[in-house]
Amino acid sequence: MKKLPATTIDQTILTTETTAKEQRSSAVEEIYVDIKGSVKYPGVYSVTQSQRIKDLLTKAGGLTEDADASQLNFAAKLVDQQLIYVPKIGEIRSHPPQSQTSTATESKININTADISELQELSGIGAKKAQDIINYREENGHFKSVEELQEISGIGEKTVEKLKNLVTITID
C-alpha cells in the first residue's frame with residue numbers, strides 16, 4: 001500500500017471539512033419577504049431566516065427621503081411570507097390591507113417557534129406565561145390553533161381574542 005505524504009492527507013481533511021461547512025450553510029432556510037412603501041426598490045426579496053428588517057432594507061436600496069424610520073423596528077427578525085410596509089412621514093395606517101400579514105411596526109409572532117423574550121412582547125404575556133407556553137409546546141407538540149392557548153392555566157378566552165391578530169402558527 002502506497003503512503004500519501006502528510007501534506008496530501010492534510011489537504012484531504014481540509015477539503016472534507018470545507019465541504020461539510022458548505023453543506024451546512026446551504027441548509028440555512030431561505031424565506032421570501034415583501035417590502036412596500038417608502039423604500040427605493042420595493043418588491044419580494046429572498047433572505048435567510050436569521051436576517052432582520054435592517055438587512056432587508058439594505059437589499060431594497062434603503063429608505064426614501066420621505067420614509068418615517070421612527071415607525072420601524074430595524075432589529076425585528078423576518079418571517080417567511082411577511083409583508084413589511086414602510087410608511088411616509090406623517091402617514092398613519094389605521095387598517096392594513098387584508099392580504100397584509102404584518103407591518104413594519106407589527107410583526108406576528110409564531111407561537112410554535114418563539115422564544116421566551118419574543119412571547120413576552122405579546123400583550124398580557126409575562127415571563128411566567130411565556131414559559132408556560134413553551135412548556136406546553138414542548139409537552140404537547142406544535143399549536144394547531146390560537147385557541148389551543150386556552151389549555152394553558154391563566155390564559156383565557158379574552159387573552160386569546162387579544163392575541164389572535166398578533167400571533168401566527170406555522171409548523172416547520
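**Close-up views of salt bridges in a predicted model**

**View 1. Glutamate 147 forms a salt bridge with lysine 164.** In this predicted model, the closest N and O atoms of the two residues are 2.9 Å apart. Glutamate 147 sits in the loop between H4 and helix H5 (157–163), while lysine 164 belongs to the loop between H5 and strand S5 (167–168), so the pair ties together parts that are 17 residues apart in sequence. Glutamate 147 counts as partly exposed, at 34% relative accessibility, and lysine 164 also counts as partly exposed, at 31%.

**View 2. Lysine 164 meets glutamate 161 in a salt bridge too.** Here the N to O distance between the side chains is 3.2 Å. Glutamate 161 is partly exposed, with a relative accessible area of 49%. Put the two views together and you have a network of salt bridges linking Glu147, Glu161 and Lys164.

**View 3. Within helix H4, lysine 128 pairs with aspartate 132.** Their side chains form a salt bridge of 3.1 Å, N to O. The two residues are separated by about one helical turn, because they are four residues apart in helix H4. Lysine 128 counts as exposed, with 60% relative accessibility.

**View 4. Aspartate 132 has contacts beyond its neighbours in sequence.** Helix H4, which holds this residue, spans residues 127–140. Leaving aside neighbours within four places in sequence, aspartate 132 touches Ile152 and Ser153. Have a look at glycine 154 as well: its C-alpha is 9.3 Å from that of aspartate 132, with their positions 22 residues apart in sequence.

Notes: Residues are numbered from 1 along each chain as its sequence is written. This is a predicted model: local features need pLDDT of at least 70, side-chain atom pairs count only at pLDDT 80 or more; totals for chains, interfaces and linings use all residues. Side-chain values use heavy atoms; hydrogens and water are left out. Contact means heavy atoms within 4.5 Å. A salt bridge is a side-chain nitrogen of Lys or Arg within 4 Å of a carboxyl oxygen of Asp or Glu. Buried means under 20% relative accessible area, exposed over 50%, partly exposed in between (1.4 Å probe, protein chains only).
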